[in-house]
Amino acid sequence: MSCLRDRFGSARRPDRAVVHRRPASGEPGAADATVEAVGKVSAAFEVVENARGMLYAFHRMSGEADLALQDALESLRAAGHHEMADEIDDVLVGRDVVRDMWTFQLVEAYDEQYWQVFREAAALVRDSLSAGLPHVFEAEMKHREQTEVSGA
């Protein structure tokens, strides 16, 4: 027999209340569907947040690559390869990553054109349908998984 429970304790917490209780609703079936729908909007926005983080990472990595290239070009020059270093410097250092844009402009455009709009839409759904409470779906899932006995 395993001693996992002895070592780590049980995940069940039947004495805990739901962290974020759903707002009162007139129709029982609609309430479940609404909580699920709000949860899906929240999950979609979490994906957008993740994508935004990746875009910022791309921005930082591109900038670091440019600075590393400039250091490498100085090393090429110091090793006597001035013409090659100058040519690479001319075609790469300061180059737009996409037509007419550096990475900071991509980040700014994403934030303004998409992320801010998505964030506001997610807030509208949460504020209108969950009384402003975040993660109601997940809070109920936590409560359910920590209070119900699993069938094993």
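How many salt bridges does the structure hold? The count is seven. Several of them are followed below. The model is a predicted one.

Start with the overall plan. The protein has five helices and zero strands. Read from the N terminus on, the order of elements is α-α-α-α-α. Of its 152 residues, 16% count as buried. The protein exposes about 11300 Å². Carbon and sulfur atoms supply 57% of that area. Contacts tell something about how the chain is arranged. Take those between residues at least 6 apart in sequence: 74% of them join residues at least 24 apart.

One pair of residues shows such a separation along the chain. A11 sits in the loop between α1 (4-8) and α2. T147 is 136 residues away along the chain. Yet the C-alpha atoms of A11 and T147 are separated by 9.0 Å. A11 itself is exposed, with a relative accessible area of 53%.

Now to the salt bridges. Side chains of opposite charge can pair when their charged atoms come close. Begin with a pair inside one helix. E36 and K40 meet through their side chains in a salt bridge, at 3.6 Å from N to O. Both belong to helix α2, which spans residues 28-78. They are four residues apart, so about one helical turn separates them. How open to the surroundings are the two partners? E36 is partly exposed, at 39% relative accessible area. K40 is exposed, at 55%.

Next comes R77. Which helix holds R77? R77 lies in helix α2. Is R77 buried or exposed? It is buried, with a relative accessible area of 15%. The cut-off matters here: a residue counts as buried because its relative accessible area is under 20%. By that rule R77, at 15%, falls on the buried side.

R77 has several partners. One of them is D86. The side chains of D86 and R77 form a salt bridge, 2.9 Å from N to O. D86 counts as partly exposed, at 40% relative accessibility. Another partner is D89. Here the closest N and O atoms of R77 and D89 are 3.1 Å apart, and the two form a salt bridge. R77 lies in helix α2 and D89 in helix α3 (residues 82-92), so this pair ties together parts that are 12 residues apart in sequence. D89 is partly exposed, at 27% relative accessibility.

E74 also joins in. The side chain of R77 makes a polar contact with the side chain of E74, at 3.0 Å. Put these residues together and a network appears: E74, R77, D86 and D89 are linked by salt bridges. What else does R77 touch? Setting aside its neighbours within four places in sequence, R77 is in contact with H82, A85, D86 and D89. D86 and D89 thus turn up again, here in the contacts of R77.

Move on along the chain, to the loop between α3 and α4 (103-129). D100 lies in this loop. What is the phi of D100? It is near 65 degrees, a positive value in a residue other than glycine. D100 is exposed, with a relative accessible area of 60%.

V98 has its place in the loop between α3 and α4 as well. V98 is partly exposed, at 39% relative accessible area. It also takes part in a nonpolar surface patch. Which residues make this patch? They are F58, V97 and V98, and the patch covers about 230 Å².

The next loop has a positive phi of its own. H135 is found in the loop between α4 and α5 (136-147). Its phi is positive, about 55 degrees, although H135 is not a glycine. H135 counts as partly exposed, at 37% relative accessibility.

To look back: the protein has five helices and zero strands. Salt bridges include the E36 and K40 pair. E74, R77, D86 and D89 are linked in a network. D100 and H135 each have a positive phi.

How values were computed:
Residues are numbered from 1 along each chain as its sequence is written. This is a predicted model: local features need pLDDT of at least 70, side-chain atom pairs count only at pLDDT 80 or more; totals for chains, interfaces and linings use all residues. Side-chain values use heavy atoms; hydrogens and water are left out. A salt bridge is a side-chain nitrogen of Lys or Arg within 4 Å of a carboxyl oxygen of Asp or Glu. Helices (H or I, at least four residues) and strands (E, at least two) are DSSP runs, numbered from the N terminus. Buried means under 20% relative accessible area, exposed over 50%, partly exposed in between (1.4 Å probe, protein chains only). Contact means heavy atoms within 4.5 Å. Accessible areas come from the Shrake-Rupley method with a 1.4 Å probe; for residues, only the protein chains shown count as cover. Patches are made of residues with over 30% relative accessible area and no salt bridge: like charges are joined within 9 Å, nonpolar side chains (Val, Leu, Ile, Met, Phe, Trp, Tyr) within 5 Å. A polar contact is a pair of N or O atoms within 3.5 Å; within protein, one must be able to donate a hydrogen and the other to accept it, and residues adjacent in sequence count only if both atoms are side-chain atoms.
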